[in-house]
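Please look through the sequence and the structure shown below, and keep both in view while reading the briefing that follows.

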Amino acid sequence: MDVMQAIRGRRSIRKFKSTPVSPEDLNTVLEAARQAPSWANSQCWRFVVVTEQEMKNQLARCFLSRDPTRENRGAVAVRTAPVTIVACAQKKKSGYSSAGTPFTVRGEWSMYDVGVAMQNLVLTAFALGLGTVHIGLFDHKKVEEVLGVPEDIEVIAMTPLGYPDEAIEPRPRKELKEIVFRNKYGQQ
Ligand SMILES: Cc1cc2nc3c(=O)[nH]c(=O)nc-3n(C[C@H](O)[C@H](O)[C@H](O)COP(=O)(O)O)c2cc1C
């Protein structure tokens with residue numbers, strides 16, 4: 001499968017079969033994350049691989065929702081998928097000098113680095129026939145407590161990982177002309 005096929009074919013998957021993920025496939029998706037580029041090669045990412053059911057239940061209880069009448073659909077995905085990978089980052093490494101000064105007005109670049117690594121991971125998972133969904137809407141402090149994350153590390157995002165048990169239609173995307181400008185912002 002070439003990269004564009006994986007990019008076009010990947011969907012957010014929130015229903016999973018109970019079929020386990022092989023240690024080889026798990027290793028391959030983590031290796032894809034490891035190979036991602038990062039700020040000054042700082043590799044600030046850390047990954048917690050959660051397979052124990054009670055831990056997955058605890059993670060699912062940390063979810064927030066955009067609509068108070070509906071559960072974040074990521075919660076059921078995390079409860080039911082055989083694996084959930086939680087992406088964490090060392091604080092003040094990416095985008096910072098060794099003295100702890102930010103290089104840019106954006107400050108932390110760890111969100112960017114972790115996003116790049118997680119996209120490597122989810123595309124590789126798709127190429128292996130596995131489903132994932134990027135998840136960011138949860139109580140990060142609670143997840144840090146559940147996982148026993150140390151002070152200098154923060155939780156950024158997570159994804160369940162497993163064999164899809166649903167077929168998802170592609171969600172719409174904006175046309176290129178709506179999002180791409182020439183030479184100056186807003187210029188077609
Ligand atoms: C940073 C980020 C956070 C997301 N958080 C959630 C989430 O908390 N719960 C959820 O069900 N989906 C979440 N998603 C998945 C998006 O809803 C999904 O990617 C989007 O609707 C496009 O659908 P597609 O991935 O199938 O193309 C998140 C995606 C990203 C990139």
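In this predicted model, T28 has a relative accessibility of 34%, and because the partly exposed class runs between 20% and 50%, T28 counts as partly exposed. T28 belongs to helix α2, and the notes below begin with that residue before turning to a loop, a sheet and a ligand.

**Helix α2 and its contacts**

- When residues up to four places away in sequence are not counted, T28 touches T124 and L128.
- Although T28 and A125 are 97 residues apart in sequence, their C-alpha atoms are 8.2 Å apart in space.

**The loop after helix α2**

- The loop between α2, which covers residues 23-34, and β1, which covers residues 45-50, contains N41, and the phi angle of N41 is near 55°, a positive value in a residue other than glycine.
- Q43 also has its place in the loop between α2 and β1, and its phi angle, near 50°, is likewise positive in a residue other than glycine.
- Is Q43 buried, exposed or partly exposed? With a relative accessible area of 32%, Q43 is partly exposed.

**The sheet**

- In what order do the strands of the open sheet lie? The sheet is formed by 4 strands in the order β1-β2-β4-β3, and their pairing is antiparallel.
- The edge strands of this sheet are β1 and β3, each of which pairs on one side only.
- As background, strands of a sheet pair through backbone hydrogen bonds, and the pairing can be either parallel or antiparallel.
- Strand β2, made of residues 83-90, runs antiparallel to β4 and is joined to it by 8 bridges; within this pairing, V86 has M158 in β4 as its bridge partner.
- Strands β3 and β4 also pair in the antiparallel sense, over 2 bridges, where G131 has G162 as its partner in β4 and T132 has L161 as its partner in β4.
- Why can strand β4 be called largely enclosed by the rest of the structure? Of the 10 residues in this strand, which spans residues 153-162, 9 are buried, so β4 is largely enclosed by the rest of the structure.

**T132 in strand β3**

- T132 lies in strand β3, which consists of residues 131-132, and T132 has a relative accessible area of 2%; because buried means under 20%, this residue counts as buried.
- Leaving aside neighbours within four places in sequence, T132 is in contact with a set of residues that includes R11, S12, I13 and F16, as well as V122 and A125, and also T159, P160 and L161.
- L161 therefore appears in two ways, since it is the bridge partner of the buried T132 and is also listed among the contacts of T132.

**The ligand and its surroundings**

- Which residues come nearest to the ligand? Of the 13 residues around the ligand, S12, R14, N72, R171 and R173 come nearest.
- Sorted by class, the shell around the ligand holds 3 nonpolar, 5 polar and 5 charged residues.
- One oxygen atom of the ligand lies 2.9 Å from a polar side-chain atom of R10, and an oxygen atom of the ligand is 2.8 Å from an N or O atom in the side chain of R173.
- In the case of H134 it is a polar backbone atom that takes part, and this atom is 2.9 Å from a nitrogen atom of the ligand.
- On its own the ligand has 620 Å² of accessible area, of which the protein covers 67%.

Notes
Residues numbered from 1 in each chain as written. Predicted model: local features only at pLDDT ≥ 70, side-chain atom pairs only at ≥ 80, totals over all residues. Heavy atoms only, no water. Near = heavy atom within 4 Å. Polar contact = N/O pair within 3.5 Å; in protein donor to acceptor, adjacent residues only side chain to side chain. Areas by Shrake-Rupley, 256 points an atom, 1.4 Å probe, with all protein chains shown as cover. Nonpolar A, V, L, I, M, F, W, Y, C, P; charged D, E, K, R; others polar. Buried < 20%, exposed > 50% of the residue type's maximum accessible area, 1.4 Å probe, protein only. Contact = heavy atoms within 4.5 Å. Pairing = 2+ DSSP bridges.
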